[in-house]
Amino acid sequence: MLPATEQETNDVIEYMASQAPDLAVEMVQKVYSENVLHVCHNVWDVHTNKDRWWVITEPTNLYSQEQFPNMDLALTFHIGLCLRVPRSERQKLSALPLEPFAESYRYLDEASDALKHAQEVADYQAIGVRCREALLAFAAAAQTVLPWTSTDDPPKKADMKGWTDHICVITMPGTTHENRRHLFKTLLDSAWKFTNWLTHSKGSKWHDAEAGFHVTENAIGLASSAVIRHMRGVPDQCPACGSHRLSPERGYRDDLPDVKWERPTCDKCGWVGEPVMIEEVPRAPETPRKPPDCECIVPTVPLRKLLRPIGSSDS
């Protein structure tokens, strides 16, 4: 039996109550945990007053132990089901904690749908266009939430390489993140170069479009996660117990019921971080205006009507 928090146990009990209200849960045990494709699946052995079930997480589903007497078989079936179910059906875009990168992920959704029906070079080029737009949308959102602070002139808005360097330096500073920065820069730069080639290539194949989509999805997924962790003050590990089992927790305040907040929490010891306001659409920071170089002119005669150029019509 693996250690489990009280919240994890209660979540499984509540899930069983929602799926099988006629059964009474008598015992719950976490018996196995495995990471598959960056997703941690926990297996729970649930005893009820009538039978036993496997409850497997991410996404959560239950399996009768009469039909799946072997735990490995149930987990294999569960993982296979997760891979077969289309991404758009597993979780709606509106339910993902992607702020402020929703626009970028919409382009990725469009590219994913287009890939299923692509047959000709023009289709592959269109997928390249959507992937390029997804990368540009990511860079534009990152520019807003990670404003340029250097005294040097900022890169142009469409300068993907310039903003990639800035994003990686801000979100992963210091020598300890050197290899991580190199990986993220390489991923974003490779995705940008390949999708630009795909957009204009006359000799691309379907597998090129597939590669373009997946490298773009991977690069944006990893990079946006790094930016969001930086924005919301998520530490590398729990400052109280050192655990890496950190999860986001969202909620509302009584004095600001229309504003959504998020804070990091430790699944092991219950530590909670400082809440950060969540904005659906990021707002650019206000930049102070430079004072004029010359003397200010203050008009003393009130403007009563607008004068038109000579010869223009009043109509």
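**Cysteines and a three-stranded sheet**

Modeller: There are zero disulfides here, a disulfide being a pair of cysteine sulfur atoms within 2.5 Å. This is a predicted model, in which local features need pLDDT of at least 70, side-chain atom pairs count only at pLDDT 80 or more, and totals for chains, interfaces and linings use all residues. Residues are numbered from 1 along each chain as its sequence is written, and side-chain values use heavy atoms, with hydrogens and water left out.

Colleague: Which cysteine sulfur is nearest to that of Cys238?

Modeller: That of Cys269, 3.6 Å away, and Cys238 is in no disulfide. For Cys241, also in no disulfide, the nearest cysteine sulfur is again that of Cys269, at 3.6 Å.

Colleague: Is Cys238 buried or exposed?

Modeller: Buried means under 20% relative accessible area, exposed over 50%, and partly exposed in between, using a 1.4 Å probe and protein chains only. Cys238 has 2%, so Cys238 is buried. Cys241 has 36% and is therefore partly exposed.

Colleague: How are strands and their pairing read?

Modeller: Strands are DSSP runs of E, at least two residues, numbered from the N terminus. Two strands pair if DSSP finds at least two bridges between them. Here three strands form an open, antiparallel sheet in the order E5-E6-E7.

Colleague: Which are the edge strands?

Modeller: Strand E5 (246-252) and strand E7 (276-278), each of which pairs on one side only. Strand E6 (residues 260-266) pairs with E7 over three bridges, in the antiparallel sense.

Colleague: Which residue in E7 does Trp261 stand opposite?

Modeller: Trp261 faces Met277 there.

Notes
Helix = DSSP H or I, 4+ residues; strand = E, 2+ residues; numbered from the N terminus.
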